[in-house]
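Please open the model in your viewer and keep a selection panel at hand, since this tour moves from one selection to the next.

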Amino acid sequence: MKLTNVQKEYLKTIYLLEKSKKEVRMTDIANKLNKTKPTVNYAMNSLKEEKLINYEVYGQITLTNLGKNAAEKVLEAYDIVCLFLTEILKMDKAEAENEANKIKATLQDETINKLAKYTNETLGLPSLECGYNINNARCLKCLRRERKNING
């Protein structure tokens, strides 16, 4: 399934809202993304058709397992690009975060995989012997563990 950048942004937003509060409603998403409720409703129906969320009109919105995996992949791509920009290119954190949002939306999975491996090697992190691939959840956990080692 190929997600649009808009769908990815909504999934990421739902994921982060779910982490910060128990129930996510359309108003929460509209406020967070500065969108109208009809715009959010249209997006929610699109995500529901793809089986990425559970959603009934006027009800709570939750990610399905498929949606959660997709959202984590979006966040992982952002983290990889941001790590590259801040740690290798030595960009200011705020600028890097802004740029990472733009860049990650245009990169293919294979490019993200190569960027992750390059960043890992350049920063001297333990090897990604698990054969890191952004589509492989096991390997994402390995990357998170290594990233924790960087951040302390």
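The stops below take up helix packing and then aromatic side chains.

Bear in mind throughout that this is a predicted model.

Begin by selecting helix H1 (residues 5-20) together with helix H2 (residues 26-33), which pack at an angle of about 115° with their axes 10 Å apart. Because of that angle, H1 and H2 are roughly perpendicular to each other, and their crossing is right-handed. To see the contact itself, show the side chains of Glu9, Tyr10, Thr13, Ile14 and Leu17 on H1, and those of Asp28, Ile29, Lys32 and Leu33 on H2. Coloured by class, the residues of this contact of H1 with H2 divide into five nonpolar, one polar and three charged.

Next, select helix H4 (residues 65-88), and add helix H6 (residues 109-122), whose axis comes within 10 Å of the H4 axis and crosses it at roughly 40°. The two helices H4 and H6 are therefore oblique to each other, and H4 passes H6 in a left-handed crossing. Which residues of H4 and H6 meet here? From H4 come Lys73, Ala77, Ile80, Val81, Leu83, Phe84 and Ile88, while H6 brings Asp109, Ile112, Leu115, Ala116, Tyr118, Thr119 and Thr122. Sorted by class, this contact of H4 with H6 has ten nonpolar, two polar and two charged residues.

Keep H4 on screen, hide H6, and select helix H5 (residues 93-104) instead, where the axes of H4 and H5 come within 8 Å and cross at roughly 135°. That angle makes H4 oblique to H5, and H4 passes H5 in a right-handed crossing. On the H4 side, display Val74, Ala77, Tyr78, Val81, Cys82, Leu85 and Thr86, which meet Lys93, Ala96, Glu97, Glu99, Ala100, Asn101, Ile103 and Lys104 of H5. By class, the contact of H4 with H5 has nine nonpolar, two polar and four charged residues. Ala77 and Val81 deserve a second look, as they appear in the contact of H4 with H6 and also in the contact of H4 with H5.

For the last stop, stay with Tyr78, which takes part in the contact with H5, and add Lys12 to the selection. Lys12 lies over the face of Tyr78, at 5.9 Å from the ring centre. Finally, if you search the model for aromatic rings whose centres lie within 6.5 Å, the count comes to one aromatic pair.

Methods: Residues numbered from 1 in each chain as written. Predicted model: local features only at pLDDT ≥ 70, side-chain atom pairs only at ≥ 80, totals over all residues. Heavy atoms only, no water. Phe/Tyr/Trp six-rings, centres within 6.5 Å; stacked < 30°, edge-to-face > 60°. Lys NZ or Arg CZ within 6 Å of the ring centre and 35° of its normal. Axes fitted to C-alpha atoms, helices over the stretch in contact; angles between N-to-C directions. Helix = DSSP H or I, 4+ residues; strand = E, 2+ residues; numbered from the N terminus. Parallel < 35°, antiparallel > 145°, perpendicular 65-115°, else oblique. Left-handed = near helix turned anticlockwise from the far one by under 90°. Contact = heavy atoms within 4.5 Å. Nonpolar A, V, L, I, M, F, W, Y, C, P; charged D, E, K, R; others polar.
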